[in-house]
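The following paragraphs lead through one structure, from a helix to a sheet and on to the surroundings of a ligand. Please keep the sequence and the coordinates at hand while reading.

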Amino acid sequence: MLEVKDLHTYYGESHILHGVSLQVKESSVSILLGRNGMGKTTTIHSIIGLVPPKSGQVILSGEELQTKPSYQISKMGVGLVPQGRRIFPNLTVKENLLTTHRSVKGGWTINKIFELFPRLKERETSMGGNLSGGEQQMLSIGRALLTNPKVLLLDEPSEGLSPIMVKEVVNIIKQLKMSGLSMLLVEQNVSMALELADHVYVLNKGKVVFDGTAEEFSPTIRHDLLSLSS
Ligand SMILES: Nc1ncnc2c1ncn2[C@@H]1O[C@H](COP(=O)(O)OP(=O)(O)OP(=O)(O)O)[C@@H](O)[C@H]1O
């Protein structure tokens, strides 16, 4: 489905990604872990064209994306739930959703988003800035779904949420996976991410230092690579 091969990305002279390769298979969740500043967001931004890589390939269902502008990458089926949610505080929930709605036969509609998130329907006319963190995250996911992605990139969706809201986000991601959506999830919340993962990647200083299944990502490896207690 999504294949990232040997990405090298720079900010000016700073070489940030040193040959990152990863895959997201059909209807599966790959997670990308790593401590702060290791290059997770840069990887996501390189895939979606916000920070184009200097070399390497991003291939979605056989088509190369890495030379295309980000609006076209989005049109070709890569959705983004950005870090920090980035909703419009002065637009209502419905207006926020309308900013990305792209009509596709059989695809996501605003009504389907309201079925997935009944809470957003209740708050349809509320301003984005007046929503709770959890509601804003639902809105951000809803907006990304309305672009009808084949693969969804989620950058730290649990950031700043209460444990109860994190559970809700986990359930939503599980539901989306069951509906056939492929996802790449960047997370600091390792236990939450492992609950969802089919495949695990760990980044360290812009290099993939672990590439294996969730079962292979043992507590010892987890401890060694992330300096977390197992
Ligand atoms: N716009 C930028 N200009 C220059 N350097 C940047 C820029 N954005 C990020 N960096 C640097 O690139 C490196 C990777 O950052 P990135 O945000 O991709 O890491 P991350 O793993 O997502 O971390 P976090 O979990 O803190 O978001 C860091 O050293 C960071 O300081």
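Against which elements do the buried residues of α6 pack? In this predicted model, they pack against β6, α3, α4 (110–116), α5 (118–122), β7 and α7 (163–178). Helix α6 itself covers residues 133–145 and has 13 residues. From its first C-alpha to its last it reaches 18 Å, close to the 18 Å expected at 1.5 Å a residue. Because 11 of its 13 residues are buried, α6 is largely enclosed by the rest of the structure. The buried positions are Glu135, Gln136, Gln137, Met138, Leu139, Ser140, Ile141, Gly142, Arg143, Ala144 and Leu145.

Two of the elements packed against α6, namely β6 and α3, also frame the loop in which asparagine 90 is placed; here β6 spans 78–81 and α3 spans 93–98. Asparagine 90 is exposed, because it has 9 other C-beta atoms within 10 Å, and a residue counts as exposed if there are 12 or fewer. Leaving aside residues up to four places away in sequence, asparagine 90 touches Met127 and Gly129. The C-alpha atoms of asparagine 90 and glycine 133 are separated by 15 Å, with these positions 43 residues apart along the chain.

A further element packed against α6 is β7, a strand of residues 151–155 that contains valine 151. Valine 151 has 19 other C-beta atoms within 10 Å and is therefore partly exposed, since 20 or more would be needed for a buried residue. Apart from residues up to four places away in sequence, valine 151 touches Met1, Leu2, Val24, Leu60, Gly77, Val78, Ser182, Met183 and Leu184. Its C-alpha atom lies 9.4 Å from that of lysine 25, although the two residues are 126 apart along the chain.

The next subject is a sheet. Four strands form an open sheet in the order β2-β1-β4-β5, with antiparallel pairing. Its edge strands, β2 (14–24) and β5 (63–64), each pair on one side only. Helix α1, residues 40–48, packs on this sheet and touches β1 (2–11), β2 and β4. The direction of α1 makes about 70 degrees with that of β2.

Within the sheet, β1 and β2 run antiparallel and are joined by eight bridges. Their hairpin has two residues between the strands, and glycine 12 takes a positive phi near 60 degrees there. β1 also pairs with β4, again in the antiparallel sense, over five bridges. Glutamate 3 illustrates both pairings: it stands opposite glutamine 23 in β2, and its bridge partner in β4 is isoleucine 59. Strand β4 (residues 55–60) is in turn joined to β5 by two bridges, and these strands run antiparallel. Leucine 60 stands opposite glutamate 63 in β5; leucine 60 is also among the residues that valine 151 touches.

The last subject is the ligand. The residues around it are Tyr11, Ser14, Ile16, Gly34, Asn36, Gly37, Met38, Gly39, Lys40, Thr41, Thr42 and Gln188. The elements that give two or more residues to this shell are β2 and α1. α1 provides the largest share, three residues. By class, the shell has three nonpolar, eight polar and one charged residues. Helix α1 thus appears in two settings: it packs on the sheet, and it contributes to the shell around the ligand.

Terms used:
Residues numbered from 1 in each chain as written. Predicted model: local features only at pLDDT ≥ 70, side-chain atom pairs only at ≥ 80, totals over all residues. Pairing = 2+ DSSP bridges. Contact = placed C-beta atoms within 7 Å. Axes fitted to C-alpha atoms, helices over the stretch in contact; angles between N-to-C directions. Near = placed C-beta within 6 Å. Nonpolar A, V, L, I, M, F, W, Y, C, P; charged D, E, K, R; others polar. Expected span 1.5 Å × (residues − 1).
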